[in-house]
Amino acid sequence: MIVKKQKGWKEIPKGGLILEAGNAEQYETGSWRSKRPVRDENKCTHCLICWVYCPDSSIIVEEGKVKGIDYQHCKGCGICAAECPPKAITMKEEKEFQEKEGAKK
Amino acid sequence: MSITTVAVTGNEVAAYAMKQINPDVVAAYPITPQTDVVEKFSEYVADGLVNTEFITVESEHSAMSACVGAAAAGGRVMTATSANGLALMFEILYIAASSKLPIIMTVVNRALSGPINIHCDHSDTMAARDAGWIQIYSENAQEAYDNIIQAVRIAENMKVRLPVMVMYDGFIISHGIDRVDVLDDTTVHDFVGKYQPNYPLLDVENPLTFGPLDLYDYYFEHKRQQVEDINNSKPVILEIAKEFREISGREYDLFETYQLEDAETAIVVLSSAAGTSKAVVDQLRQEGKKVGLLKPRVFRPFPYLEIAQALSHLKAIAILDRSISFGGFGGPLFTEIRSGMMEFGKTPENINIIFGLGGRDINEQDIAGIYKQLEEIAKSGKVKERIQYVGVRE
Ligand code: SF4
Ligand code: SF4
């Protein structure tokens with residue numbers, strides 16, 4: 001595990017302000033997930049409903065088609081699976097993948 | 001530069017100071033005894049005498065929230081409240097200070113329930129003393145006016161950037177008519193200057209986040225910064241007082257002393273009761289008694305060493321608190337001053353007098369009685385009762 005050196009009180013912006021925009025991306029909320037959405041390419045009609053509903057902008061879309069799911073940020077809320085009209089997304093136990101992928105995240 | 005003498009109530013002159021400051025935004029809710037500050041100011045708005053965006057809100061929680069939003073957007077923001085209104089703002093007071101928003105608020109001191117009461121004591125602002133705001137107490141309408149104008153400069157100073165509360169006593173000062181020397185509009189306008197926000201949210205070229213979640217990894221560091229900034233305000237308050245003297249001829253310090261230098265005994269008291277005490281000092285001085293007075297002006301940051309030094313030559317002191325810290329060892333002024341004296345290394349004999357709760361009058365005889373008791377303590381070196389209640393029926 002890499003421990004990042006945290007800054008002291010003289011080094012950080014005052015008032016708790018975050019001065020640069022768009023840095024929420026650096027916060028990898030994917031580690032919160034207990035269930036993982038898995039999309040079945042054969043069932044998916046690319047209606048993009050999941051893309052609209054995902055609260056974490058984790059549905060990756062390129063040229064109007066779903067390309068995949070950003071597991072660094074997907075929290076596993078299951079909204080995409082619930083909203084998908086042809087039921088192309090299934091929520092699977094995160095544990096299964098971790099066992100498969102070994103120690104790495 | 002011209003000075004006009006007017007006969008006004010404390011509330012009228014507080015509103016007048018706000019008019020001369022001409023803030024970008026005022027968000028306020030009326031509450032006795034502050035009501036006519038807001039009422040009078042809304043007249044200025046209606047008459048087009050200020051450029052202020054006046055936001056009427058449904059509660060003080062909303063008033064302070066709107067102030068926070070407007071200040072984060074980059075505006076110069078003012079408000080006013082009292083007692084229960086201040087209590088309803090409580091959560092947002094901390095947010096204003098920790099977000100470093102230089103909001104200026106007049107607080108007309110009133111007892112914080114209950115049973116419900118509308119008259120003066122300091123239980124409201126003493127309860128808010130740890131919110132991270134600078135706190136300045138005023139003795140009379142003149143000081144209220146002067147402190148509100150100086151507060152703008154203190155709050156907005158680059159080394160400080162913190163909200164400031166300016167207090168004066170409910171009804172005694174807020175509704176009593178007093179003689180006040182007011183400055184002309186241009187002088188006040190030039191003195192407060194133009195406000196330059198550090199990080200205005202409306203600067204769309206430089207987007208940033210206000211008020212993010214701050215957990216165990218950085219919250220403590222942000223609190224440590226607040227300690228530094230409020231302590232840095234002490235020399236700034238003095239610098240601004242000096243500049244203010246140049247435009248007004250009136251002197252301000254972190255605290256005021258009256259006949260203290262050669263005194264043997266003294267009373268320490270905030271706000272309007274200091275005025276009554278000065279009259280008693282004058283009478284007793286005529287009788288040859290060596291009595292004096294110290295009136296703290298700035299309570300946050302508390303000038304504990306400076307006050308302890310100013311009191312160090314005395315034989316006996318009475319520290320008067322117009323509020324109670326239930327179950328604590330005396331009132332807040334008492335504990336702060338005793339702690340300061342301990343640090344300074346000289347602790348004259350001292351007693352704590354709790355007085356004036358819920359608007360109970362303290363008169364000249366009461367104060368003369370306290371000086372008499374101090375004389376006995378100075379002679380005998382013995383304190384019979386450390387914490388006393390003056391003006392309460394047994
Ligand atoms: S909602 Fe379902 S069908 Fe529509 S794009 Fe997403 S996964 Fe495909
Ligand atoms: S599970 Fe939730 S966070 Fe993850 S992709 Fe689906 S909607 Fe987005």
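This is a short talk on a predicted model with chains A and B, covering the two domains of chain B, the contact between the chains, and the two ligands.

Thanks for coming, everyone. Please keep in mind that what we're looking at is a predicted model.

Let me start with chain B. The domain assignment splits chain B in two: domain 1 runs over 3-248, and domain 2 over 255-390. Taken over C-alpha atoms, the centres of these two domains of chain B are 28 Å apart. As for who takes part in the contact, domain 1 of chain B puts in 28 residues and domain 2 of chain B puts in 25. Together, domain 1 and domain 2 of chain B bury about 2100 Å², and carbon and sulfur atoms account for 54% of that area.

What about charges here? As a general point, oppositely charged side chains can pair when their charged atoms come close. Between domain 1 and domain 2 of chain B there are five salt bridges. In one salt bridge, the side chain of E139(B) meets that of K278(B), with 2.7 Å from N to O. If we turn to polar contacts, 15 residue pairs make them across this domain interface in chain B, counting pairs with both residues at pLDDT 80 or more.

Now, which elements of domain 1 of chain B give two or more residues to the side that touches domain 2? They are α6 (123-127), β6 (134-137), α7 (141-156) and α9 (219-248) of chain B. The most comes from α9(B), which gives five residues to that side. By class, the residues on this side of domain 1 of chain B are 11 nonpolar, 10 polar and seven charged.

Do keep α9(B) in mind as we move on to the other chain.

At the interface of the two chains, 17 residues of chain B are in contact with 14 residues of chain A. About 1500 Å² is buried between chain B and chain A, with 62% of it on carbon and sulfur atoms. How many salt bridges cross the interface of chain B and chain A? One. The partners are D229(B) and K14(A), whose closest N and O atoms are 2.8 Å apart. Polar contacts across the interface of chain B and chain A come to six residue pairs, again with both residues at pLDDT 80 or more. And here is α9(B) once more: α9(B) gives the most to the side of chain B that touches chain A, with six residues. That side of chain B has six nonpolar, five polar and six charged residues.

For the whole model, the count over all chains is 26 salt bridges. I'd like to show you one inside chain A, between R36(A) and E94(A), where the closest N and O atoms are 2.8 Å apart. This pair links distant parts of the chain, since R36(A) sits in strand β1 (residues 35-39) and E94(A) in helix α3 (residues 94-101), 58 residues apart.

On to the ligands. Around ligand 1 there are 13 residues, and those that come nearest are C44(A), C47(A), L48(A), C50(A) and C84(A). The shell of ligand 1 has 10 nonpolar, two polar and one charged residues. For ligand 2, the surrounding residues include the cysteines C54(A), C74(A), C77(A) and C80(A). Also around ligand 2 are P37(A), P55(A), D56(A), I59(A), K75(A), G76(A) and G78(A). That shell divides into seven nonpolar, two polar and two charged residues.

I'll finish with some backbone details. Most residues other than glycine have a negative phi, and most peptide bonds are trans. Against that background, two prolines in chain B are worth a look. The bond from G114(B) to P115(B) is cis, with omega near 0°, and P115(B) lies in the loop between β5 (104-109) and α6 of chain B. R300(B) and P301(B) are also joined by a cis peptide bond, with omega about 0°. P301(B) is found in the loop between β12 (298-300) and α11 (304-311) of chain B. In chain A, K87(A) has a positive phi, near 55°. You'll find K87(A) in the loop between α2 (79-83) and β4 (89-93) of chain A.

That's the tour, and I'm happy to take questions.

How values were computed
Residues numbered from 1 in each chain as written. Chains lettered and ligands numbered in written order. Predicted model: local features only at pLDDT ≥ 70, side-chain atom pairs only at ≥ 80, totals over all residues. Heavy atoms only, no water. Near = heavy atom within 4 Å. Nonpolar A, V, L, I, M, F, W, Y, C, P; charged D, E, K, R; others polar. Domains from an automatic or database assignment. Contact = heavy atoms within 4.5 Å. Buried area = accessible area lost by both parts, 1.4 Å probe. Salt bridge = Lys/Arg side-chain N within 4 Å of Asp/Glu carboxyl O. Polar contact = N/O pair within 3.5 Å; in protein donor to acceptor, adjacent residues only side chain to side chain. Helix = DSSP H or I, 4+ residues; strand = E, 2+ residues; numbered from the N terminus.
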